[in-house]
Amino acid sequence: MLRSSPVSKYLDPKADIVFKHVFGTHPHLLKSFLNAVLPLSPDRQIVELEYLPTEQVPVIPTLKRTIADVKCKDKLGRMFIVEMQIQWTDGFKQRLLFQSGQAFVKQLEKGGDYEYLEPVYGLGLIASVFDKENPEWYHHYQVVKAENPLDIIEHLQLIFIELPKFPIHSPDEKKLRLLWLRFLREINEKTGIVDPELLGVPEISEAVELAEQAAYSVGELQAYDDYWDAVSREKTLLSAKYREGKAEGKAEGIAEGEARMLLKIIQLKFKTVPAQLKSVIMKMNADELSALSQKILIAKTIEDIS
């Protein structure tokens, strides 16, 4: 069966309100998703889970509105923190580590025994590419002994998944993992026909239904639009900061090159460059270097430009 746009219009599940509607209120869907994407052995799969309240964490600039998060605990006491991040920033890795570390520490009640601490898994789903030099899209972090990576402390693990990079067909990946990730990557307002392969998995088919626009109130749809407006503003802000930094770096590079050239001229003209003078020149801006070049031309001794 194919669902096409004349019948259904879909919302992007990466948006906060849709992500939480699908995964934050339907534990059987979250269980299927986590079992598919996390590095859990067959005998350690999640059987059932319950939702936990998500605590407030420090606000990180440029991460104000692009995160959707779900926190849950399974039957064995393991905790799972799932965060959806639209635009990658360096602060996101620290944020997920903070969240996961907090959850791990808070397990222990006063006077409790450390041996009863259960593992905490932090899962970061990234809708942008953050590692452009590496084709890998599945990044699994855990505490290992530096001298022997096989000696692992499994109680705190972080997994980051770059959604734009994973291959649709891969013999090395679990099929259900790729199908769930395709749901996150492919379903959005432009979706006309949903791939039957996605609809062939009952849980994913249900998630697709939950992403239909008809499942949301007028107020929720407005919140959805506001969310993407906020994401667009943050992307514009990041882009502007990048261009500004690039321009500053270019200007600094030009100034440094001019400073070094003037130092060579001083060396040739006066056979010496005092260390203090060199330090001062290397800190000069473009206008100061221009003025210095005029002084060098008319200077008769090194003292004339010191």
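Mentor: Welcome! Let's start with a definition: a residue counts as buried when its relative accessible area is under 20%, as exposed when that area is over 50%, and as partly exposed in between. Keep in mind that we are looking at a predicted model.

Trainee: Thanks! What share of the residues in the protein is buried?

Mentor: The protein has 306 residues, and its elements are nine helices and six strands. Counting its buried residues by the cut-off of under 20%, we get a share of 40%.

Trainee: How much area does the protein expose, and what percentage of it do carbon and sulfur atoms supply?

Mentor: The exposed area comes to about 17300 Å². Of that area, the part supplied by carbon and sulfur atoms is 55%.

Trainee: Now for charged side chains. How many salt bridges does the structure hold?

Mentor: Let's meet one of them before counting: the side chains of Lys14 and Asp12 form a salt bridge, at 3.1 Å from N to O. Both Lys14 and Asp12 are buried. For the structure, the number of salt bridges is 12.

Trainee: Lys20 and Asp69 also meet in a salt bridge. How many residues apart are they?

Mentor: Their side chains meet at 3.9 Å, N to O. Lys20 sits in helix H1 (residues 16-23) and Asp69 in strand S2 (residues 67-74), so this pair links distant parts of the chain, and the separation is 49 residues.

Trainee: Of Lys20 and Asp69, which is buried and which is partly exposed?

Mentor: Let's hold each value against the cut-offs of 20% and 50%. Lys20 has a relative accessible area of 32%, so Lys20 is partly exposed. Asp69 has 13%, so the buried partner is Asp69.

Trainee: Which parts does the salt bridge between Glu83 and Arg95 tie together?

Mentor: The side chains of Glu83 and Arg95 meet at 2.9 Å, N to O. The two residues are 12 apart in sequence, so the pair ties together the parts that hold them: for Glu83 strand S3 (residues 79-85), and for Arg95 helix H3 (residues 90-105).

Trainee: Are Glu83 and Arg95 buried or exposed?

Mentor: Glu83 has a relative accessible area of 0%, and Arg95 has 13%. Both values fall under 20%, so Glu83 and Arg95 are buried.

Trainee: Which residues do salt bridges with shared partners join into one network?

Mentor: Here we follow salt bridges from partner to partner, since sharing partners is what joins them. The network that results holds Lys175, Arg182, Glu186, Asp195 and Glu197.

Conventions
Residues are numbered from 1 along each chain as its sequence is written. This is a predicted model: local features need pLDDT of at least 70, side-chain atom pairs count only at pLDDT 80 or more; totals for chains, interfaces and linings use all residues. Side-chain values use heavy atoms; hydrogens and water are left out. A salt bridge is a side-chain nitrogen of Lys or Arg within 4 Å of a carboxyl oxygen of Asp or Glu. Buried means under 20% relative accessible area, exposed over 50%, partly exposed in between (1.4 Å probe, protein chains only). Helices (H or I, at least four residues) and strands (E, at least two) are DSSP runs, numbered from the N terminus. Accessible areas come from the Shrake-Rupley method with a 1.4 Å probe; for residues, only the protein chains shown count as cover.
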